[in-house]
Structure formats: C-alpha cells, structure tokens
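Biologist: I am new to reading models of this kind, and I would like to go through a few features slowly. Could we take them in turn, with the general idea ahead of each case?

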There are 2 protein chains.
Amino acid sequence: VITVIYFVENGCFSVNIPSEDLLEKTDYVGTVSGSEVDKSETFGVFYGKLKNAPLIRECPINIECRLHDIVSLASNNLFLGEVVAVYTEEKYLTDGQPDIEKIKPFVVTLPDNRYWAIGENIGRAWNTGKVISKDKK
Amino acid sequence: VITVIYFVENGCFSVNIPSEDLLEKTDYVGTVSGSEVDKSETFGVFYGKLKNAPLIRECPINIECRLHDIVSLASNNLFLGEVVAVYTEEKYLTDGQPDIEKIKPFVVTLPDNRYWAIGENIGRAWNTGKVISKDKK
C-alpha cells in the first residue's frame, strides 16, 4: 500500500508511512544518494522504545521493528521484523483507530513511475458480498 | 496494495488481483467457508505454465508462483513464491505495460473494514522531488 523508508541499524528498523503532503520530500530522498548529498535534514527524526531505530517525525504512522530474520532471495534480501511499537497522532484517528482518509498514504506503480492517492470508499469488507450469499439461498 | 486470493497446492500458488467490478464476489468468497457453501462457481478458473496452480479468469492480473519457502512466524506462515508467469489481457495495458487505471484494484483497511478505490494520479516517481533538489543547489 505504501512507500516505505527504512533503516537497518543495530538489529532494528522502522517503516514510516508518508502522507500525500510529503510526496515531494519522499520522492526526493529516493532520487538522491546519501553519499553525494546530505539529505539528513529533509525529515525530522525521533526514537522510540528500542532507542536505536530512527523514526520519521513527519510521517503519520511509524512502525518500529526488531529485526527478526533476513531471508536471502534471488534478487534481494527480505527483512522480516517483529513490530515492537506503532506511533501516530490523535489527528489521524477516528474513534481511536487509524483512518486512511486522514493519513492519506499513496502508492507508486512501475514501470510507469506514477504516484496515486487513495480514492473513494467503495464498500464494507465482509459485508458487500452479502448480496451474493442472499442470491444463493 | 491488493486483496489477494491464493491457493497452495502441489507446491504452487497464485496471486490474483481483482478489479473494482469484482468487489462483491471477492468479498463473498472471503465471508463464507468452503466447507459450508459451494463457492467454486463464483469465479472461473484456468491453468498456466505449471499446470497445477489454479488462476482466476475474471481477475485482470494473475501471478503464477512456484512455492519457494514457507517461513514460520509467531502468528502465521509466510509463503514465499518465485514468480513463474504473469497473465493479463491487452485491455489492461497502455503502451504494453499494466495500467492501474484500467486494472482498477482496490485495498481494504482494518479494523474499520472499508474497501478503497485507487484515486488520482498525484505525481511522477523520481521526478516530483526535483523541486527540492533544485532548492538545494
């Protein structure tokens, strides 16, 4: 669902979900190399429970993970994390739960390189299909 | 990004991406148990390269996988597949590449159980951030 920025450091990493209004900054950190340009000031950083996994202050959702396993695959390494804590702010919640309409994450498609917003609410899960169950009776 | 329907059988499985117009049927197969209701006729099935991984005819994108590994995790098993073939139709392509505006996949959010369409195109990847690179020079 999301563009992910992560760090692996001391057996920890974080998954930070940027919102639409961070699109330019998120794209920027993906286009430049840290060895050529100092991009450390693009985002603010904070630390959570594990003390050594940097989390991005501006992102509405921060998922702090302990590194559980690294699975070596043909093309890449797959990092598996155990979620230790999740951080957000009151303004992204509705009735105490994360609300995608407030978080406003975005997705990217390849190879056409386009970013997409989340669109309309088109139905309720484990409910919309009841029309069919009814037909079958 | 996607609601996934999969089968594991003979060391193969498939990932089938439903489009918005399959929302009711997709929700339906997730709400009823195969042991109580015969849902085998909800979707049409075809077979690909591996001959034994069923693929869903109605879904715009079908990803046929050979089972590579099963990683046992605390709450679930993680199935890792090697992509053997991907199937689609001409009508879902633009310039020979999959076009999300034609495929129309959807996402689900939990615990609010809402389905969401893909929204507006909000930018170009590895491009939108150039405004920032320019500022830094």
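Biologist: Which residues does A:Asn77 touch, not counting residues up to four places away in sequence?

Modeller: A contact means heavy atoms within 4.5 Å, and by that reading A:Asn77 touches A:Ile70, A:Val71 and A:Ser72, once residues up to four places away in sequence are set aside. This is a predicted model, where local features need pLDDT of at least 70 and side-chain atom pairs count only at pLDDT 80 or more, while totals for chains, interfaces and linings use all residues. Residues are numbered from 1 along each chain as its sequence is written, chains are lettered from A and ligands numbered from 1 in the order in which they are written, and side-chain values use heavy atoms, with hydrogens and water left out.

Biologist: Where does A:Asn77 sit in chain A, and is A:Asn77 buried or exposed?

Modeller: Strands (E, at least two residues) and helices (H or I, at least four) are DSSP runs numbered from the N terminus, and A:Asn77 belongs to strand 5 (residues 77–87) of chain A. Buried means under 20% relative accessible area, exposed over 50%, and partly exposed in between, with a 1.4 Å probe and protein chains only; A:Asn77, at 47%, is therefore partly exposed.

Biologist: How many aromatic pairs does the structure hold?

Modeller: Rings of Phe, Tyr and Trp (its six-membered ring) pair if their centres lie within 6.5 Å, with planes under 30 degrees apart counted as stacked, over 60 as edge-to-face and the rest as tilted. Over all chains there are four such pairs, and one of them joins A:Phe46 and A:Tyr87 edge-to-face, at 5.6 Å centre to centre with 90 degrees between the planes. That pair links distant parts of the chain, since A:Phe46 lies in strand 2 (residues 45–47) and A:Tyr87 in strand 5 of chain A, 41 residues apart. A:Phe46 is buried at 16% relative accessible area, whereas A:Tyr87 is partly exposed at 22%.

Biologist: What kind of pair do B:Phe106 and B:Tyr115 form?

Modeller: Theirs is edge-to-face, with 5.5 Å centre to centre and 85 degrees between the planes. B:Phe106 is buried, with a relative accessible area of 1%, and B:Tyr115 counts as buried at 6%.

Biologist: How is chain B laid on chain A?

Modeller: Two copies of a chain are related by a rotation about an axis and a shift along it. Here, a turn of 180 degrees and a shift of 0.0 Å along the axis lay chain B on chain A with an RMSD of 0.0 Å, by least squares on the C-alpha atoms of residues with pLDDT of at least 70 in both. That is the relation of a two-fold axis.
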